[in-house]
Amino acid sequence: MSQNATRLRQPLEECRVVQHVMGKTCVPKSPERLVTIFHVTLGNTLVLGIKPIGSATGLNSLQKEDFAKYLKDKIVGIKQLGSQYEPDIEKLLLVKPDLILGWEIVQRTYPIISQISPTVLGKWQGEPLWREYFHFVAEVLGKEEAEQQAWNHYHRRIKELKIALNNQYTSKKISVISVYSGSPINIITKNSFVGSILNDIGLPRPKTQSVVVPGGSYGISEENLKDADGDILFILFTGNNNDRKAIKELQQKPLWKTLKAVQQGQVYSVDELTWVGFNLLAADAVIDDLYKYLVKNP
């Protein structure tokens, strides 16, 4: 008998049947030992007022222990369970979850982790649909009312920031890029996570960034650095020493010094994991950054 069939045989009063990318699973109506796989899933559950006992959020096999800075004290007591691409099975077993909630990237390990507890994997269709993924998480957990409250908070903050900006940036372009060691300079476009927030606020973007591309970003060479220019320039920084060195090297190039934002002293480094957080806790932190750099330094 399949794992899904086994889950569906649980008493209906104890669980709800949920459709997800791997089929149907009967999940506990009130999970007490939730585990999340994917940093977005973790952020979403915290937004909904549910604190997992553990989470796999590492970005790759070499970074298994990172939680994003914007989560701050919200992650105290949450056990790190390895990479969000390949969670640590032994650690999963030890925390004894009653529900595992994650993303479709871990389909390969689904047959194993779904033996540990009911497991639900959401479809992740990339940056433009981060809002839809949040809705999926809320539905799985039966937290639609908390979801609406979270959106109300977000829209209230957007409205307040618009008032604080007082039309100071209607004719100024906001550029967002990321710089990694050994990689092209990344232009962050309007269909990215942060692009959607800037759009909600009504902040203009350069023409080179007011485009829709797969993944919400595209690479450019140093020769095309002008595509990164704007009146204000935000650089997404990973905190990695090699990336820090790459940024410093770029800032020594003659072309860098020709950028308008550089000449006007309007270049700001912000935390990358926050600005690509894909959830409303991260969005709140992005709005905080925009207050810090645009309202206080117009």
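**Entry 1: strand β2 and its partner**

I started with how well β2 is covered. Of its 6 residues, 5 are buried, so I call β2 mostly covered, taking under 20% relative accessible area as buried. I keep in mind that this is a predicted model.

Next I looked up what β2 pairs with. β1 and β2 run antiparallel and are joined by 6 bridges. A hairpin of 2 residues leads from β1 to β2. I picked one opposite pair: H20 faces G23 in β2.

**Entry 2: the disulfide**

How many disulfides are there? I count 1. C15 and C26 form it, with their sulfur atoms 1.9 Å apart. C15 belongs to strand β1 (residues 15–20) and C26 to strand β2 (residues 23–28), 11 residues apart. I reminded myself that a disulfide is a covalent bond between the sulfur atoms of two cysteines.

Then I checked the handedness. The torsion about the S-S bond of C15 and C26 is about 85°, so this disulfide is right-handed.

Are the two cysteines buried or exposed? C15 has a relative accessible area of 3%, so I note C15 as buried. C26 stands at 0%, so C26 is buried too.

**Entry 3: helix α7**

I moved on to helix α7, residues 193–201. Here 7 of the 9 residues are buried, so the rest of the structure largely encloses α7. The buried ones are F193, V194, G195, S196, I197, L198 and I201.

What covers them? I found helices α5, α6, α10 and α11 among the covering elements, along with strands β8 and β9.

I also looked at both ends. At the N-terminal end, S192 acts as a cap: a side-chain oxygen of S192 lies 2.9 Å from the backbone nitrogen of G195. After α7 comes G202, with a positive phi near 90°.

**Entry 4: the five-stranded sheet**

I traced an open sheet of 5 strands in the order β10-β9-β8-β11-β12. Its pairing is mixed. β10 (217–220) and β12 (267–271) are the edge strands, each with a single partner, so one side of each has no neighbour in the sheet. On average, neighbouring strands are turned by 30° against each other, direction ignored.

I zoomed in on one pair. β11 (residues 232–237) and β12 run parallel, joined by 5 bridges. L236 has V270 in β12 as its bridge partner. Helix α8 (residues 241–251) packs on this sheet and touches β9 and β11. The direction of α8 makes about 150° with that of β11.

**Entry 5: salt bridges**

How many salt bridges are there? My count is 7. I followed three pairs.

- D284 pairs with R157, the closest N and O atoms being 2.9 Å apart. D284 is in helix α11 and R157 in helix α6, 127 residues apart.
- D288 also forms a salt bridge with R157, again with closest N and O atoms 2.9 Å apart. D288 is in helix α11, 131 residues from R157.
- K253 meets E222 at 2.7 Å, N to O. K253 is in the loop between α8 and α9, E222 in the loop between β10 and β11, 31 residues apart.

Shared partners join R157, D284 and D288 into one network.

Last, I looked up accessibility. R157 has a relative accessible area of 13%, so R157 is buried. D284 is partly exposed at 21%, and D288 is partly exposed at 39%. For the loop pair, K253 is partly exposed at 30% and E222 is partly exposed at 36%.

Technical notes:
Residues numbered from 1 in each chain as written. Predicted model: local features only at pLDDT ≥ 70, side-chain atom pairs only at ≥ 80, totals over all residues. Heavy atoms only, no water. Disulfide = S-S within 2.5 Å. Helix = DSSP H or I, 4+ residues; strand = E, 2+ residues; numbered from the N terminus. Buried < 20%, exposed > 50% of the residue type's maximum accessible area, 1.4 Å probe, protein only. Pairing = 2+ DSSP bridges. Contact = heavy atoms within 4.5 Å. Polar contact = N/O pair within 3.5 Å; in protein donor to acceptor, adjacent residues only side chain to side chain. Axes fitted to C-alpha atoms, helices over the stretch in contact; angles between N-to-C directions. Salt bridge = Lys/Arg side-chain N within 4 Å of Asp/Glu carboxyl O.
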